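Let's take a walk through this chain together, from its overall form down to a few residues that deserve a second look. Have the sequence and the 3D view open as you read.

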Amino acid sequence: MKISVIGLGKLGAPLAAVFASKGFPVIGTDLNSTLVEAIDAGRTPVDEPRLQELIGENRERLRATMDGAAAVADTDVTFVIVPTPSGEDGRFTNRFVVDAMQMVGAGLRRKTSYHVVVITSTVMPGSTGGEIRAALEVHSGRRVGKTLGLCYNPEFIALGTVVRDMLSPDMILIGESDARAGDILERIYERSCENRPAIRRMNFVNAELTKIAVNTYVTTKISYANMLADICDRLPGADVDVVTQAVGSDSRVGARYLRGAIGYGGPCFPRDNVAFASLARSLGARAELAEATDTLNQYQVDRVLGAVQARLPDKGTVGILGLAYKPDTSVVEESQGLMLAARLIEEGHPVVAFDPKARDTALAAMVKPFAPAASAEECVRRASLVVVTTAWPEFRAIPAEAFARSPRLTVIDCWRLLSHEEIGPVADLVHLGRGAVDGRIALV
């Protein structure tokens with residue numbers, strides 16, 4: 001079975017490489033020649049752990065082209081994984097998916113055999129069976145059914161662990177036009193997955209709703225944990241880690257994503273939550289829970305900013321450790337560290353910042369730039385107050401002497417990475433989410 005992948009970005013390139021690593025001949029296609037050339041040269045087109053390894057080891061089965069119609073004509077199954085940007089109302093727009101259907105349709109007109117088209121991009125409920133199916137049928141000259149299958153099959157992954165998540169997913173979600181199309185897609189995953197994930201097959205609209213419902217539920221857990229952390233900040237003797245570990249031990253709750261720290265970010269969680277609320281409102285349903293989750297998440301930057309302002313020396317420089325929205329990625333969309341830097345700069349505070357991967361993308365995203373540091377240690381040494389905003393493990397390796405000075409440096413550790421045993425003797429370490437450190441509550 002031959003596979004084509006339309007879109008070689010942050011998710012499409014790993015998807016193509018994973019399928020190739022499991023023995024499928026794969027043709028990737030993209031309108032961006034740089035991405036295509038990288039794949040054909042055996043280089044990763046995007047920064048993602050393990051991706052270079054998979055591309056390098058499977059070059060005989062993985063190639064790329066800018067001729068999407070030819071890629072479709074030469075394969076049996078096509079995965080479409082292109083952007084679905086949010087509109088002004090918060091709902092996802094399908095224009096790039098619909099545009100891709102013209103390319104797919106042109107390829108299908110060159111062949112007569114059965115073909116399955118798989119929409120992997122996240123779309124709003126009603127999209128796959130609505131305008132996407134209509135565009136596919138118009139451009140291909142076929143009806144979905146006897147010679148053409150259509151599926152909705154979004155990924156549940158996180159940047160920084162995309163390859164791992166694709167190889168060992170918790171669930172495979174399949175919205176199918178018919179059993180034949182779903183069977184083919186299920187067989188692909190039976191071969192490509194290294195675990196035995198739950199496979200949930202259903203109609204299009206249920207699958208579309210499930211995708212954004214899962215992400216919205218996860219963001220609710222994150223905001224709940226951050227609400228607990230905010231309470232613990234202000235309650236002497238309270239420790240959010242102790243509380244969430246106990247709460248998460250209850251099987252009705254579960255421990256995953258229940259870690260009080262700062263807000264969620266990235267290209268998916270914030271917009272999925274907003275899209276879910278927008279969908280509910282458009283249907284006349286109540287969406288207060290999703291809206292409250294988003295409100296709590298937006299508050300987290302204010303919460304950290306308040307902790308900084310309460311301790312920052314006059315005319316002091318704030319050092320920010322972490323600009324990516326999470327470790328192991330250079331992505332800065334909705335990054336808490338970047339938003340904190342922007343707020344501080346707007347208020348006239350000098351900012352020096354470091355991130356192992358995201359320095360350049362962060363600088364490009366800023367209206368008023370921060371001062372970049374060459375290393376985490378340099379960032380600490382140049383700062384009057386330090387904030388740890390991304391849980392990069394390497395921040396634990398900053399030598400204690402880098403924090404030592406007079407007057408003592410304050411370090412606000414949002415993720416509680418640094419230990420009081422190592423840093424406490426030379427600096428005032430504040431763990432957000434813990435209500436008392438040497439008699440001081442986290443927020444004053």
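A residue is called buried when its relative accessible area is under 20%, exposed when it is over 50%, and partly exposed in between. Keep in mind as well that you are looking at a predicted model.

Let's begin with the whole chain. Its secondary structure comes to 16 helices and 14 strands. The radius of gyration is 24 Å, close to the 22 Å that the globule rule gives for 444 residues, so the chain is as compact as a globular protein of that length. If you turn the C-alpha trace along its principal axes, you will find spans of about 75 × 50 × 40 Å. Buried residues account for 54% of the 444 residues. Among contacts with a separation of 6 or more, 72% are between residues 24 or more positions apart.

Now to the surface and the charges. The chain exposes about 18,700 Å², and carbon and sulfur atoms supply 53% of that area. There are 49 positive and 53 negative side chains, and the centres of these two sets lie 3 Å apart.

Next, let's look inside. In soluble globular proteins, nonpolar side chains tend to be buried together. Here the largest nonpolar core has 53 residues, and those touching the most other members are Val308, Ile320, Leu321, Phe370, Val387, Phe395 and Phe403. Elements giving two or more residues to this core include the helices α12 (288–309) and α15 (376–382), along with the strands β9 (318–321), β10 (351–354) and β14 (428–431). The helix α13 gives the most, with five residues. Phe370 is a good place to centre your view: leaving aside residues up to four places away in sequence, Phe370 touches Leu323, Leu338, Ile345, Val351, Ala353, Arg359, Ala362 and Leu363. A second, separate core holds 43 residues, Leu8, Val26, Ala181 and Ile188 among them.

What about the backbone? Most residues other than glycine have a negative phi, and most peptide bonds are trans. Several places in this model depart from that pattern. A cis peptide bond joins Ser406 and Pro407, with omega about 0°, and Pro407 is found in the loop between β12 and β13. Lys315, although not a glycine, has a positive phi of about 60°. Lys315 lies in the loop between α12 and β9 and is exposed, with a relative accessible area of 75%. Asp328 is also not a glycine, yet has a positive phi of about 65°. You can find Asp328 in the loop between β9 and α13. Is Asp328 exposed, buried or partly exposed? With a relative accessible area of 35%, Asp328 is partly exposed, because partly exposed covers values between 20% and 50%.

Let's finish with two residues and their partners across the sequence. Glu394 is found in the loop between β12 and β13 and, at 39% relative accessibility, counts as partly exposed. Glu394 and Ile231 are 163 residues apart in sequence, and their C-alpha atoms are 29 Å apart in space. Arg50 sits in the loop between α2 (33–40) and α3 (51–57) and is partly exposed, with a relative accessible area of 41%. The C-alpha atoms of Arg50 and Gly160 are separated by 9.5 Å, although their positions lie 110 residues apart along the chain. Arg50 also touches Val163 and Leu167, not counting residues up to four places away in sequence.

Technical notes:
Residues are numbered from 1 along each chain as its sequence is written. This is a predicted model: local features need pLDDT of at least 70, side-chain atom pairs count only at pLDDT 80 or more; totals for chains, interfaces and linings use all residues. Side-chain values use heavy atoms; hydrogens and water are left out. Helices (H or I, at least four residues) and strands (E, at least two) are DSSP runs, numbered from the N terminus. The radius of gyration is taken over C-alpha atoms; the globule rule is 2.2 Å times the number of residues to the power 0.38. Buried means under 20% relative accessible area, exposed over 50%, partly exposed in between (1.4 Å probe, protein chains only). Contact means heavy atoms within 4.5 Å. Accessible areas come from the Shrake-Rupley method with a 1.4 Å probe; for residues, only the protein chains shown count as cover. Lys and Arg count as positive and Asp and Glu as negative; His and the chain ends are not counted. The place of a charge is taken as NZ of Lys, CZ of Arg, CG of Asp or CD of Glu. A nonpolar core is a set of buried Ala, Val, Leu, Ile, Met, Phe, Trp, Tyr and Cys residues joined through side-chain atoms within 4.5 Å.
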